[in-house]
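Reader: Hello! I would like to learn how to read a structure feature by feature. Could you walk me through one?

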Amino acid sequence: MIMMCPSVAGTPLKDVTIKADAPSELLLQKHVDYIAAYSDKVNDYEYVMTEYLRMSGIYWGITALDLMKQLPKMNKEEVVSFVKSCQHDCGGIGASVSHDPHLLYTLSAVQILSIFDAIDAIDVDKVVEFIRGLQQEDGSFMGDQWVSDICGEIDTRFSFCAVACLALLKRLDVINVDKAVEYVVSCKNFDGGFGVRPGSESHSGQIYCCVGMLAITNSLHHVDPDLLGWWLCERQLPSGGLNGRPEKLPDVCYSWWVLASLKVMGRIHWIDKSKLERFILACQDEETGGIADRPGDIVDPFHTLFGVAGLSLLGSYKNQLKAVNPVFCMPEETLTRLGVRTQLL
Amino acid sequence: MKQCYVNEQLQGQPRKPPNISFINKMAADDDVESSSEELCLFYKDREEWKDVAPVPQDDGPHAVVRIAYSERFQDVYNYFRAVLKSNEMSERAFELTTEAAELNPANYTVWHYRREILKALNKDLKQELEYISEVIQDHPKNYQVWHHRRVLVEWLNTESNELEFTALILKIDAKNYHAWSHRQWVIQTFNLWENELAYVDTLLQDDLRNNSAWNQRFFVVSNNTDCDDATVEREVTYTKEIILKAPNNESSWNYLKGIVSTKETIFNYPGLDEFCQSMYDKQLKSPYLLAFMVDMCEDKLEAGVDKETTLSKATELCTLLADTIDTIRKKYWDYIKKRLVSRFSEN
């Protein structure tokens, strides 16, 4: 007789329930319409409030549309000239016009221009210089520059942004790659995962960044793929959705961070595919189009991209979705065109 | 890769439109603005700002979108862009950043500029620390406000009340990633290890499934004690007690494995085999218990101990996990079984 363990002295195990009438097919056209209409929103509170990440917002929209084979719905000329207008003298790119340069938005900008095959719209040498200047002595990367004695944030996300950006520009040689790898490895935890800085709790998003960074720099031998792979597949909850760390609710974006990490490590099959697919589809909004973090919540472009990308990575809806690259979260064909390759286990 | 956990932290929260009610009201209903007592004159109507030409939003040479902002937001940010452009370092510019940050606390450009003014005007950093404490309490999952706090503490070069403050935030959300990260930095920078394990213990008493607390435990033990035998023994005893209270707790098993592994393989560590076996014999089939036992079998096999029996036990556990206890991870357990057999079977 098997006795399942009672839950004693702790918060109850967290998960969501998927309703019987939740969407169960890909509502592709609805998502296309949702993304295409997003930048037309007038007097929209959320749009105004997210200006500080506009470059990333555009990257999410463009990539989602391209994966759904509808990139022409975006006005390439307008977007490219917007990106160009966000580059500062130092080479770094801001989230929007008059926003300070930052590594996050520099990566998004380079991703956008790569997809549009318009990288020459910006001064590439200056971008490279900007990124090079962000590397610290211990190999880590700041998100933005030192100004007087105001130091920038250090975060393994920025290690990923730096190498991903440089890889897309074929200029990885400008940084100290060994030191960069050393820093990321110093963020490896006892459970095999990675955190934001050394000692920080393992977190799926940071793991994606670290594993991606190590893949780009051909350093995956630093990862224990069985140990980390197990930690990652433990993110799958009974609902089929994935969470970011133990005892947290599932969220569609983890369908990307966790799944892509497993793909890079050659262990994507450790996730129950049909259950995850069911979860992602349940997060769609049948009325507005778009995908939310979990079933019934409000949609946004971020979760729409990662839901679609997750489905592509699972191999679902092969006829309707393009293959996505697990390291860069961009269409595979873009990386092929650019001749950018990474290590994969 | 950005939103959600990156900037305005929405991870693990049911998504609703941001709950800054006065802004919602303003965006939706201009009448509310003029009747609100809290609001001052718009910047465009203030005498002391007459010398500044506001800079309207410029969405680039080809406007990707035309947006109608709420009037207050537009006013504040028009003037913010103006002082940013002229690099004005003044008291009035400083107050402007307060309003701009209030309207959109995730705007990193505003915070960066505010820091420059703080330095240029040599402002009272302790007062600023109090201010940022308020903002963080309103926006505890925002990267910019935590980074701002860290910079202030660096400048002040004193631990002030960082432990107290992070504890306050953790009381509301015991897993707040930023709070833990800040707390770790403070402890390392100012050597505040002394009472941390006791603090972690109180959190685990509240919720023994709090993975962040377990991580903190490892952080303290591994950084502050060199993981000597006595420490590891104490930690193992501590963890075993908690496992007995709630065997189906991923964090505690991960911690047990992690802490023992600093010294020894889990198979070789005294008492663990019996501990697991006794739980198993009581028919407690937690997937984490069984996974731990599979790990122990693997250690045993690597050491060449009782090969045939151990392999048989290991494969039996894997089958139980794959087919009954942890079916969602069937593929993983089938892989582990196959790997064990191929590595250790006599054939």
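Author: Gladly! Let us begin with exposure: a residue is called exposed when its relative accessible area is over 50%, buried when that area is under 20%, and partly exposed in between. Keep in mind that this is a predicted model.

Reader: Let me try that on one residue. Is Lys318(A) buried or exposed?

Author: Lys318(A) has a relative accessible area of 65%, so it counts as exposed. You will find Lys318(A) in the loop between α13 and α14 of chain A.

Reader: Which residues form a positive surface patch with Lys318(A)?

Author: Its companions in the patch are Lys263(A), Lys273(A) and Lys331(B). Patches are built from residues that have over 30% relative accessible area and no salt bridge, with like charges joined within 9 Å.

Reader: And which residues gather in a patch of negative charge?

Author: That patch is on the surface and brings together Asp124(B), Glu130(B), Glu134(B) and Asp138(B). Take Asp124(B) as an example: its place is the loop between α5 (108–120) and α6 (125–138) of chain B. With a relative accessible area of 45%, Asp124(B) is partly exposed.

Reader: Now to charges that pair up. What is the general idea?

Author: Side chains of opposite charge can pair when their charged atoms come close. Here a salt bridge is counted when a side-chain nitrogen of Lys or Arg is within 4 Å of a carboxyl oxygen of Asp or Glu.

Reader: How many salt bridges does that rule give over all chains?

Author: The count is 36 over all chains. One of them joins the side chains of Asp66(A) and Lys322(A), at 2.5 Å from N to O. This pair links distant parts of the chain, 256 residues apart: Asp66(A) belongs to helix α3 (residues 54–67) of chain A, and Lys322(A) to the loop between α13 (301–314) and α14 (332–338) of chain A. Both Asp66(A) and Lys322(A) are buried.

Reader: What does the salt bridge between Asp125(A) and Arg171(A) look like?

Author: Their side chains meet at 3.1 Å, N to O. Asp125(A) is in helix α6 (residues 124–132) of chain A while Arg171(A) is in the loop between α7 (156–168) and α8 (177–185) of chain A, so the bridge ties together parts 46 residues apart in sequence. Asp125(A) is exposed, at a relative accessible area of 52%, whereas Arg171(A) is partly exposed at 26%.

Reader: Which residue forms a salt bridge with Asp295(B)?

Author: The partner is Lys257(B), and the closest N and O atoms are 2.9 Å apart. Here two helices of chain B are linked, with Asp295(B) in α15 (residues 287–302) and Lys257(B) in α13 (residues 250–261), 38 residues apart. Asp295(B) is partly exposed at 22% relative accessible area, and Lys257(B) is partly exposed at 27%. Elsewhere, bridges that share partners join Asp226(A), Arg267(A), Glu298(B), Glu302(B), Arg339(B) and Arg343(B) into one network.

Reader: What about a lysine in a loop: is Lys175(B) buried or exposed?

Author: Lys175(B) is buried, with a relative accessible area of 7%. Its loop runs between α8 (162–172) and α9 (177–190) of chain B. Beyond its neighbours within four places in sequence, Lys175(B) is in contact with residues of both chains, including Arg245(A), Glu247(A), Trp180(B) and Asp207(B). Ser212(B) is another of its contacts; the two are 37 residues apart in sequence and 5.7 Å apart in space, C-alpha to C-alpha.

Reader: Let us turn to the backbone. What should I look for in phi?

Author: Most residues other than glycine have a negative phi. Ser98(A) is not a glycine, yet its phi is positive, at about 70°. Ser98(A) sits in the loop between α4 (76–85) and α5 (103–115) of chain A and is partly exposed at 31%. Gln283(B) also has a positive phi of about 70°. Gln283(B) lies in the loop between α14 (272–281) and α15 of chain B, and its 30% relative accessibility makes it partly exposed.

Reader: To finish, how many helices and strands does chain B have?

Author: Chain B comes to 17 helices and zero strands. Of its 347 residues, 56% are buried.

Note on methods
Residues are numbered from 1 along each chain as its sequence is written. Chains are lettered from A and ligands numbered from 1 in the order in which they are written. This is a predicted model: local features need pLDDT of at least 70, side-chain atom pairs count only at pLDDT 80 or more; totals for chains, interfaces and linings use all residues. Side-chain values use heavy atoms; hydrogens and water are left out. Patches are made of residues with over 30% relative accessible area and no salt bridge: like charges are joined within 9 Å, nonpolar side chains (Val, Leu, Ile, Met, Phe, Trp, Tyr) within 5 Å. Accessible areas come from the Shrake-Rupley method with a 1.4 Å probe; for residues, only the protein chains shown count as cover. Lys and Arg count as positive and Asp and Glu as negative; His and the chain ends are not counted. The place of a charge is taken as NZ of Lys, CZ of Arg, CG of Asp or CD of Glu. Helices (H or I, at least four residues) and strands (E, at least two) are DSSP runs, numbered from the N terminus. Buried means under 20% relative accessible area, exposed over 50%, partly exposed in between (1.4 Å probe, protein chains only). Contact means heavy atoms within 4.5 Å.
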